[in-house]
Amino acid sequence: MALQALGRLDENRTPLTLVDKPDPVPAPGEILVKVATCGVCHTELDEIEGRTPPPRLPIVPGHQVVGQVVGHGPGAERFKTGDRVGIAWIFSACGDCAFCRAGHENLCPDFQATGRDVNGGYAQYMTVPEGFAHPIPQVFSDAEAAPLLCAGAVGYRSLRLTGLHDDQAIGLTGFGASGHLVLKMLRHRYPKARAYVFARSMKQQAFAKALGAVWTGGTEEEPPEPLNAIIDTTPVWKPVVAALGHLAPGGRLVINAIRKEDDDKEELLKLDYGDHLWMEKEIKSVANVSRRDVAEFLALAAEMAIRPTVQEFPLEEANQALVELRTRKVHGAKVLKVG
Ligand SMILES: [Zn+2]
Ligand SMILES: [Zn+2]
């Protein structure tokens, strides 16, 4: 399923087209992967609508890929034929710049994103440098593993970046695929932390309560105590201003979004220095993921026996899955079943 042209999904509800392409050939150091499942991510909407546009078109999207190794490029020896691997948002980084050498390969100027800068997993086959593929723990089915590779790994990174301590209060704004995984991780890692979930639908709020949130409410609602950290996974600005108002002194807002949509940008004019920033409040965005985030999260997810709630679509119905994601019909994670 290839993206041929950028545009708004509400104007063109079928931005992806089923095309026949020759199987990709693995370059030196790469493996050929037969895709079993690929997760559907909000970032695909950002690519399609041009907020993080692919540098060239057509492109095959998809960066939560689970499949089997079926071929090797010259010199690729890390995996055997038949091994199950996962491919995440990080497709490659230079390995040599100051960021890469300091363990911040997610910030590498040559960072390449799967399914944006190179063809991804909305396809039967894809290639990837072997060092950027991840063994998938056996406990997970293909469909369960897919959303762990993005929503899970980025959620793990977001939680790390909050600097949260056990016994503190944390808020989650927006409660989609990443939010529900973060809440599960939180309960495991910081069992004494109190989780406050801001979500628009009653269904999402009930889901959050079932997963252990001590309080749920709408974005604008005042939580019963100031929060030491908040993770925002919404695509818009209004919750950012509200979240800053909910932070305790010294609190940190972590924004887990590749781009924000501009539709409600005027909400930022409500920003009041005294209410929203004074008292050493911090804002930090989450950019990409490193291989370490993916690998550590997969191990943690296996240990916790995280079982993401998934909704499967056939590959040909990728457009439908994207439209449902756009209209926020989110309950768990959407994955495309390919092989
Ligand atoms: Zn993603
Ligand atoms: Zn680099």
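Which residue forms a salt bridge with Arg194, and how far apart are the closest N and O atoms? The partner is Glu225, and in this predicted model the closest N and O atoms of the pair are 2.6 Å apart. Because Glu225 lies in the loop between β12 (215–217) and β13 (227–232), while Arg194 belongs to strand β11 (residues 194–198), the contact ties together parts that are 31 residues apart in sequence. Neither side of this pair falls under the 20% limit for a buried residue: Glu225 counts as partly exposed at 21% relative accessibility, and Arg194 is likewise partly exposed, with a relative accessible area of 25%.

This pair belongs to a set of salt bridges that numbers 21 in the structure. Another of them brings together the side chains of Arg326 and Glu49, with 3.2 Å from N to O. Arg326 sits in helix α9 (residues 318–326) and Glu49 in the loop between α1 (42–48) and β4 (65–72), so this bridge ties together parts that are 277 residues apart in sequence. Here both partners are on the buried side of the cut-off, since Arg326 has 18% relative accessibility and Glu49 has a relative accessible area of 15%.

Arg326 also meets the side chain of Glu261 in a salt bridge, at 3.8 Å from N to O. This second pair again links distant parts of the chain, with Arg326 in helix α9 and Glu261 in the loop between β14 (247–255) and α7 (273–277), 65 residues apart. Both Arg326 and Glu261 are buried. Through shared partners, the salt bridges join Asp46, Glu49, Arg51, Glu261 and Arg326 into one network.

From charged pairs we turn to the metal site. The zinc ion (ligand 2) is coordinated by the SG atoms of Cys94, Cys97, Cys100 and Cys108, at 2.3 to 2.4 Å. The angles among the 4 donor atoms run from 106 to 115°, and the site of this zinc ion is tetrahedral. Along the sequence, the donor residues follow the spacing C-x2-C-x2-C-x7-C. Two of these donors can be set side by side in terms of accessibility: Cys94 is partly exposed, with a relative accessible area of 35%, whereas Cys97 is buried, at 16%.

Two helices complete this walk through the model. Helix α3 (residues 142–162) has 21 residues, and the distance from its first C-alpha to its last is 30 Å, close to the 30 Å expected at 1.5 Å a residue. Even so, α3 contains a kink of about 45°, centred on Leu149, so that an end-to-end span close to the expected value is here accompanied by a local bend in the axis. The helix is mostly covered, with 19 of its 21 residues buried, and it is followed by Gly163, whose phi is positive, near 65°.

Helix α6 (residues 238–246) is largely enclosed by the rest of the structure, because 7 of its 9 residues are buried. The buried residues are Pro239, Val240, Val241, Ala242, Ala243, Leu244 and His246. What surrounds them can also be named: these residues pack against the strands β10 (169–173), β11, β13, β14 and β15 (282–285), and against helix α7. Strand β11 thus appears in two of the settings described here, since Arg194 of the opening salt bridge lies in β11, and the buried residues of α6 pack against β11 as well.

Note on methods:
Residues are numbered from 1 along each chain as its sequence is written. Chains are lettered from A and ligands numbered from 1 in the order in which they are written. This is a predicted model: local features need pLDDT of at least 70, side-chain atom pairs count only at pLDDT 80 or more; totals for chains, interfaces and linings use all residues. Side-chain values use heavy atoms; hydrogens and water are left out. Donors are N, O and S atoms within 2.8 Å of the metal (3.2 Å for Na, K and Ca); water is not among the atoms, so sites may look incomplete. Four donors count as tetrahedral if all angles lie between 85 and 135 degrees; four count as square planar and six as octahedral if opposite donors are over 155 degrees apart and all others between 65 and 115; anything else is irregular. Buried means under 20% relative accessible area, exposed over 50%, partly exposed in between (1.4 Å probe, protein chains only). A salt bridge is a side-chain nitrogen of Lys or Arg within 4 Å of a carboxyl oxygen of Asp or Glu. Helices (H or I, at least four residues) and strands (E, at least two) are DSSP runs, numbered from the N terminus. The expected span of a helix is 1.5 Å times one less than its number of residues. The bend at a residue is the angle between axes fitted to the seven residues ending there and the seven starting there. Contact means heavy atoms within 4.5 Å.
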